[in-house]
Amino acid sequence: MAGIIPSPSNFIENIINSDLENNKYGGRVHTRFPPEPNGYLHIGHAKSICLNFGIARKYNGLCNLRFDDTNPSKEDIEYVESIIEDVKWLGFDWEDRLYFASDYFEQLYDYAVQLIQKGKAFVCDLSNEEMREYRGTLTEPGRESPYRDRSVEENLDLFARMRAGEFPDGFRVLRAKIDMGSPNMNMRDPALYRILRATHHRTGDAWCIYPMYDYAHPLSDYLENITHSICTLEFEDHRPLYDWVLETLELEERPLQIEFARLNLSQTLMSKRKLRELVEQGFVDGWDDPRMPTLSGLRRRGYTPESIRDFCDRIGVAKSNSVVDMAQLEHAVREDLNRRAQRFMAVLRPLKVVIESYPQGQVEELDAENNPENPQAGWRKIPFSRELYIEQDDFMESPPKKFFRLSPGREVRLKHAYIIKCEEVIKDDATGEVLELRCSYDPQTRSGADTSGRKVKGTLHWVSAAHALPAEVRLYDHLLKESAPQEIEEDEDLPGRGELKQMLNPRSLEKLTGCQVEAGLKEAVPGQGYQFLRQGYFCLDAAAGDQLVFNRTVPLRDTWAKIHKPGRPG
RNA sequence: UGGGGCGUCGCCAAGCGGUAAGGCACGGGUCUUUGGAACCCGCACUCGAAGGUUCGAAUCCUUCCGCCCCAGCCA
């Protein structure tokens with residue numbers, strides 16, 4: 001038996017450990033991630049990807065990427081491509097094991113013939129509606145199809161003619177012969193093959209009959225020598241059928257299906273259907289809108305693969321339905337980006353500051369640390385001059401208690417620069433709006449060369465007016481309002497247009513256009529995370545072309561905002 | 001009211017008969033030229049409820065309660 005048995009950390013690994021101890025698969029561990037190419041991958045899929053590939057890695061096994069492409073009417077090559085890109089981006093490698101269920105159509109057909117020969121499958125002429133009636137209900141058993149006792153020869157002939165295209169779509173199906181009285185609806189002679197004329201993205205028009213998931217999946221797993229076939233909870237009822245297919249065909253070393261609870265995240269949606277609705281109704285810009293929980297959306301938002309993997313590790317794997325707090329995901333990116341993101345200064349809502357005691361026309365190059373968490377990141381030069389911009393929020397004319405920032409007569413440190421004092425406030429006479437601040441600076445207080453020994457409570461970020469670059473910054477917030485009932489997530493009943501709309505957070509996107517950012521950001525590249533000092537992590541929007549547009553990945557934790565909640569006095 | 005699952009801190013989640021891990025969130029503190037980060041402290045006498053078995057139960061048994069899934073020729 002190969003390898004060490006790692007300490008168990010979830011019920012799936014417990015099962016694998018026990019299989020390993022019993023030498024059940026000769027010490028092999030082989031999993032697969034089996035997406036249907038009918039939509040874009042989201043963070044919920046990431047949980048499954050990390051689980052399957054993670055187990056393979058941990059146990060020195062293998063994990064395949066297999067497309068479950070048995071329904072050509074819903075699937076498309078576009079999705080295949082995006083899924084491949086996303087799994088790669090997440091950091092996983094299936095080597096040469098990229099498979100498609102459609103690769104097995106011929107073998108699947110042969111197995112179906114065997115089932116018929118064993119008297120375990122039959123061609124049924126019941127219509128869709130009739131089949132539903134015959135199926136019975138949750139509390140009443142079903143009735144056997146009048147076609148159930150056709151001879152093997154007749155079934156063989158009919159099935160061959162189904163394949164040959166002799167019958168119209170939906171005219172007949174191949175059914176398993178199991179038990180119409182089973183309390184498990186899935187065992188009431190389920191359909192194995194249906195007639196469907198749709199051009200398949202891989203097999204074209206070679207087939208007009210397509211296998212059902214319940215039939216194709218166990219056999220695909222078997223053909224790939226999968227040992228542990230991990231899927232979500234709703235398939236628990238299907239396991240007896242999964243086993244029936246393999247047992248009835250007398251296949252040995254059968255894979256074991258294990259079910260876990262899919263991921264739900266607070267303040268967002270996870271169903272492909274609802275996400276599609278958001279895209280199609282124009283509530284978001286597309287599948288990769290940075291507010292979407294899709295992997296492409298998270299990528300554009302600035303989430304790193306490392307942070308998503310870490311998140312998936314932290315949330316664990318179990319069988320109880322649960323809703324993970326979005327704060328958990330946000331924590332994971334912050335932790336990753338804090339270590340790696342280069343710091344820059346960027347003023348989102350500029351307020352002009354003139355340092356009156358600073359010489360006209362003088363420009364000083366100051367030293368700024370690129371990342372205090374990583375000395376290797378080095379230092380850079382930033383220009384300081386007489387006219388600067390600071391954040392509007394960093395000045396208050398009548399400050400509340402514990403406001404450590406600038407206000408008339410008060411002093412603050414400008415990060416990497418000097419301590420300044422607010423001498424005068426220039427306002428618009430008509431509106432009272434603060435237009436500009438007149439300040440003085442203390443030359444003795446230059447960062448790294450402070451001989452004044454003075455201490456101030458606040459440190460502000462700033463940017464030199466003449467040197468800064470204009471930019472657009474997009475601030476994102478949760479897709480759904482705090483109050484949104486996440487529970488109705490998977491409800492198949494289409495909520496009225498208004499209902500979905502009501503759940504949306506109207507402030508999920510705020511575009512700031514007059515921002516002034518540090519000149520070094522001109523070199524920003526897509527896919528790289530940056531910290532804008534005191535504000536959060538941002539990344540260049542790759543879709544914005546030549547414009548300098550930054551997406552906020554996640555804000556920094558903000559204790560001031562917490563104690564100064566709106567609606568609370570000072 | 002048939003079948004299959006699940007119920008451990010506000011949110012995740014370990015625990016597998018020997019006396020409740022960890023993370024997030026939250027609260028307090030230290031430090032700080034990011035109100036960031038880091039660090040320290042606090043945060044379930046109790047495991048859906050009630051009985052029972054046992055020297056001993058979140059873990060075993062019984063009953064009850066709550067929630068999720070299943071009646072596609074979707075996956």
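Here is a chat about a predicted model of a protein with RNA strand B.

Reader: Let's start with the RNA. How many residues surround RNA strand B, and which are the closest?
Author: There are 69 residues around RNA strand B, and the closest are Lys402, Arg405, Ser447, Gln531 and Thr559.

Reader: How much of the RNA side of that is sugar and phosphate?
Author: Of the atoms of RNA strand B that come within 4 Å of the protein, sugar and phosphate make up 64%.

Reader: OK, and how do the residues of that surface divide into nonpolar, polar and charged?
Author: Evenly: 23 are nonpolar, 23 polar and 23 charged.

Reader: Any specific contacts I can look up? What does His331 sit by, say?
Author: His331 has a polar side-chain atom 3.3 Å from a phosphate oxygen of RNA strand B. For Asn338, a polar side-chain atom is 3.0 Å from a sugar or linking oxygen of the strand. Pro183 uses its backbone: an N or O atom there lies 3.2 Å from a base nitrogen of RNA strand B.

Reader: Which elements give two or more residues to that surface?
Author: Those are α5 (128-135), β6 (191-195), α11 (305-315), α12 (326-340) and α14 (559-563).

Reader: Back to Gln531. Where is it, and is it buried or exposed?
Author: Gln531 is in strand β23 (residues 529-532). Its relative accessibility is 7%, so Gln531 counts as buried, the cut-off being under 20%.

Reader: And which side chain does the Gln531 side chain contact?
Author: That of Arg343, through a polar contact of 3.4 Å.

Reader: Switching to the inside. Which residues touch the most other members of the largest nonpolar core?
Author: Ile43, Val87, Ile308 and Phe311 do, in a core of 38 residues. The largest share comes from α2, with six residues. Among the other elements giving two or more are β2 (62-67), α3 (77-90) and α10 (295-301). Helices α11 and α12 are on that list too.

Reader: Why does this core lie between domain 1 and domain 2?
Author: Because both give residues to it: domain 1 covers 17-260, and domain 2 covers 265-342 + 471-563.

Reader: Last one, strand β4. Which way do its residues point?
Author: Ala121 and Val123 point one way from β4 (residues 121-124), while Phe122 and Cys124 point the other way. All of them are buried.

Reader: What does β4 pair with?
Author: Strand β5 (residues 173-176), running antiparallel to β4 and joined to it by four bridges. Ala121, for one, has Ala176 as its bridge partner there.

Methods
Residues are numbered from 1 along each chain as its sequence is written. Chains are lettered from A and ligands numbered from 1 in the order in which they are written. This is a predicted model: local features need pLDDT of at least 70, side-chain atom pairs count only at pLDDT 80 or more; totals for chains, interfaces and linings use all residues. Side-chain values use heavy atoms; hydrogens and water are left out. Buried means under 20% relative accessible area, exposed over 50%, partly exposed in between (1.4 Å probe, protein chains only). Two strands pair if DSSP finds at least two bridges between them. A residue is near a molecule or strand if one of its heavy atoms lies within 4 Å of it. A polar contact is a pair of N or O atoms within 3.5 Å; within protein, one must be able to donate a hydrogen and the other to accept it, and residues adjacent in sequence count only if both atoms are side-chain atoms. Ala, Val, Leu, Ile, Met, Phe, Trp, Tyr, Cys and Pro count as nonpolar, Asp, Glu, Lys and Arg as charged, and the others, Gly among them, as polar. A nonpolar core is a set of buried Ala, Val, Leu, Ile, Met, Phe, Trp, Tyr and Cys residues joined through side-chain atoms within 4.5 Å. Domain bounds come from an automatic or database domain assignment.
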